[in-house]
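Work through the exercises below with the sequence and the model side by side. Try each task before you read its solution.

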Amino acid sequence: YSTSKPFDLVVVGGGPGGYVAAIKAAQLGLNTACVEKRGTLGGTCLNVGCIPSKALLHNSHLFHIAKHEFNDRGIDCANVAPNLLKMMKHKEKSVEGLTKGIEMLFKKNKVEYFKGIGSFISKNQIQVNDNNGKNNILDAKNILIATGSEPISIPNIKIDEKTIVTSTGALSLSEIPKKMVVIGGGVIGLELGSVWSRLGAEVTVVEFLGNIGGSAMDLQASTAFQKILTKQGMNFKLGAKVTGVATSKQGAKVNDTEHIVSIDDGKNKSQLHANVVLVAVGRRSFTDKLGLEKAGVQVDDKGRVKIDKHFKTNIPNIYAIGDVVAGPMLAHKAEEEGIAVAEQLAGGYGHVNYEAIPSVIYTHPEVAWVGKTEEEVKKSGVKYLTGQFPFLANSRAKTNADSEGFIKVITDAETDKLLGVHIIGPNAGEMIAEAVLGLEYGASSEDIARTCHAHPTLSEALKEACLTVHGLKKAIH
Ligand code: FAD
Ligand code: NAI
């Protein structure tokens with residue numbers, strides 16, 4: 001490949017951060033290339049993350065309600081059984097459709113797509129090795145690092161992605177395990193633990209902290225969430241550390257294999273038996289084979305590419321976004337950063353409001369939040385108020401016989417400005433958008449309480465939660 005003139009922008013990594021940045025940059029008139037080594041676009045999110053997990057979450061939920069609820073709902077339905085092969089095919093079809101869709105978007109927007117491993121030769125040159133011995137050298141005025149992240153493991157555990165798996169293996173198990181131990185009660189552990197629990201596995205989640213969902217989750221929401229998941233059949237061992245996994249029987253199939261998971265909760269040591277062990281203890285930035293040193297790009301003590309608030313690394317024409325930099329590892333965060341970089345390069349002003357990035361756990365019910373937790377607000381010393389409304393008092397949730405959970409609103413006691421919104425409930429992931437918009441526009445709880453919400457909808461619960469904020473118990477229902 002020879003470029004007569006350098007690209008305005010070469011993006012390394014075709015995940016949600018990279019591909020969105022590339023499309024936006026091309027739309028804004030920049031001559032743009034994107035390098036991706038995976039063979040398909042969409043990154044972790046589309047290939048082995050957000051999308052396949054949501055396909056399995058949705059279908060395992062449908063199976064679960066068909067088996068446990070349909071008869072009560074007036075849908076006579078006998079012998080409901082999961083067909084794992086078909087469920088996996090459905091998942092693969094969703095992934096394929098979406099990843100190919102991005103290739104089409106690249107063509108439509110005239111982003112040049114290079115398949116292969118990208119690495120720095122200098123601060124203005126990326127070499128693309130296409131694995132067939134062919135090397136392309138791309139000259140670039142600007143380079144965007146969007147190489148994402150990879151799962152981490154814990155010492156003494158050897159991942160084989162068959163029965164000792166990361167999220168990647170857990171999205172493609174060949175059999176429904178009888179027993180599964182999940183190490184880590186964060187987002188991946190809870191989502192994928194739910195999938196296999198619904199399909200029939202006996203799932204135990206071992207979590208180091210005293211609560212599930214990680215430290216970014218409001219404690220009240222986390223406690224309620226754990227109760228709900230426990231009722232659904234998941235088991236939790238909190239405040240406990242996995243110290244090792246030994247394989248006592250290695251079979252050809254998932255359920256012919258047995259692992260012994262050793263646990264230490266500080267007081268007692270115990271063991272759990274499992275056919276599958278899912279290691280979900282976090283992810284780390286991925287910069288292998290990127291040759292950052294050739295361009296002189298610095299990383300921090302956790303290996304994350306260091307950037308300033310304009311996404312610029314220590315080298316002025318090199319930028320970085322998404323999972324490879326600090327901040328929440330979320331697809332929509334990576335996308336927003338990608339757009340901001342493209343806008344800056346095209347001469348505009350790009351900005352990401354980190355105070356208004358939603359988090360969603362796609363279990364059933366879903367958990368979603370934006371802004372600060374009550375613990376964070378308390379710690380900051382700001383005087384605050386809270387309002388809360390249960391879905392049990394929401395007509396739509398009641399009618400749907402799907403009324404677990406609540407909405408909690410935290411506001412500044414003096415200004416009534418929204419500080420945080422926490423939802424556990426059906427469709428929480430969709431409903432949180434209203435709260436995100438509220439935070440983005442600096443809304444008060446009264447603004448939302450005075451906004452007309454359609455009836456009967458779940459979203460009325462947010463209006464009612466806002467009505468209760470002033471401690472006046474002013475909710476209508
Ligand atoms: P990535 O998506 O990781 O993309 C980086 C890409 O760069 C990869 O395709 C990689 O192959 C490529 N690459 C790396 N090095 C090179 C190189 N040298 N040359 C060429 N290419 C290279 N987030 C959500 O917001 N919602 C969810 O529901 C959600 N679910 C998830 C479920 C799971 C199981 C997992 C694992 C993650 C999930 N995430 C979710 C997180 C989300 O996937 C990431 O935050 C997101 O993908 C980050 O985007 P990115 O573009 O920064 O990196
Ligand atoms: P995580 O950081 O969310 O959770 C890891 C959990 O493991 C933490 O609670 C931690 O305390 C625990 N842990 C660590 N070491 C342990 C040990 N030795 N024993 C027991 N517990 C231990 O990481 P996770 O779940 O792996 O997810 C990675 C990233 O992927 C997250 O940052 C998340 O943002 C993203 N993701 C997002 C999703 C979404 O938005 N719905 C879905 C899935 C992943």
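**Exercise 1. Where is the place of Glu161, and what is its phi near?**

Solution. Begin with the position: Glu161 belongs to the loop between strand E7 (149–151) and E8, where helices (H or I, at least four residues) and strands (E, at least two) are DSSP runs, numbered from the N terminus. Then take the backbone angle: phi of Glu161 is near 60°, a positive value in a residue other than glycine.

Before going on, note that this is a predicted model, in which local features need pLDDT of at least 70 and side-chain atom pairs count only at pLDDT 80 or more, while totals for chains, interfaces and linings use all residues. Residues are numbered from 1 along each chain as its sequence is written, and chains are lettered from A and ligands numbered from 1 in the order in which they are written.

**Exercise 2. Find the order and the edge strands of the open sheet that contains E8 and has parallel pairing.**

Solution. First, list the strands: the 5 strands follow the order E8-E15-E9-E10-E11, and their pairing is parallel; two strands pair if DSSP finds at least two bridges between them. Second, look for strands that pair on one side only, which are the edge strands E8 (164–165) and E11 (235–238). Third, examine what packs on this sheet: helix H6 (residues 187–198) touches E9, strand E10 (202–207) and E15, and its direction makes about 165° with that of E10. Here two residues are in contact if their C-beta atoms, placed from the backbone, lie within 7 Å, and axes are lines fitted to C-alpha atoms, for helices over the stretch in contact, with angles that run from 0 to 180 degrees between N-to-C directions. Finally, follow one pair inside the sheet: strand E9 (residues 179–183) and strand E15 (residues 276–279) run parallel and are joined by 4 bridges, with Met180 opposite Val276 in E15.

**Exercise 3. Which residues around ligand 2 come nearest, and which element gives the largest share of the shell?**

Solution. Start with the residues: 26 lie around ligand 2, and of these Gly184, Gly186, Ile188, Phe208 and Val281 come nearest; a residue is near a molecule or strand if its C-beta atom, placed from the backbone, lies within 6 Å of it. Next, sort the shell by element: H6, E10, strand E12 (241–249) and E18 each supply at least two residues, and the largest share, 4 residues, comes from H6. Last, sort by character: there are 16 nonpolar, 6 polar and 4 charged residues, where Ala, Val, Leu, Ile, Met, Phe, Trp, Tyr, Cys and Pro count as nonpolar, Asp, Glu, Lys and Arg as charged, and the others, Gly among them, as polar.

**Exercise 4. Describe the shell around ligand 1 in the order used for ligand 2.**

Solution. Of the 38 residues around ligand 1, those that come nearest are Gly13, Gly15, Gly43, Gly148 and Gly322. The elements that each supply at least two residues are H1, strand E2 (32–36), helix H2 (43–48), helix H3 (50–68), strand E4 (117–122) and helix H9 (331–345). By character, the shell divides into 16 nonpolar, 17 polar and 5 charged residues.

**Exercise 5. At what angle do the axes of H1 and H4 cross, and which residues make the contact?**

Solution. The axes of helix H1 (residues 16–27) and helix H4 (residues 84–109) come within 9 Å and cross at roughly 20°. H1 and H4 are therefore roughly parallel to each other, since angles under 35 degrees count as roughly parallel, over 145 as roughly antiparallel, 65 to 115 as roughly perpendicular and the rest as oblique. The contact involves Tyr19, Ile23, Ala26 and Gln27 of H1 and Ile102, Leu105 and Asn109 of H4; these residues divide into 5 nonpolar, 2 polar and no charged.

**Exercise 6. Find the order of the open sheet with antiparallel pairing, and locate the cis peptide bond that ends at Pro365.**

Solution. The 5 strands have the order E18-E19-E22-E21-E20, with E18 (359–361) and E20 (384–390) as the edge strands. Within this sheet, strand E21 (residues 406–412) and strand E22 (residues 418–425) run antiparallel and are joined by 6 bridges, and Thr411 stands opposite Leu418 in E22. As for the cis bond, it runs from His364 to Pro365 with omega near -5°, and Pro365 is found in the loop between E18 and E19.
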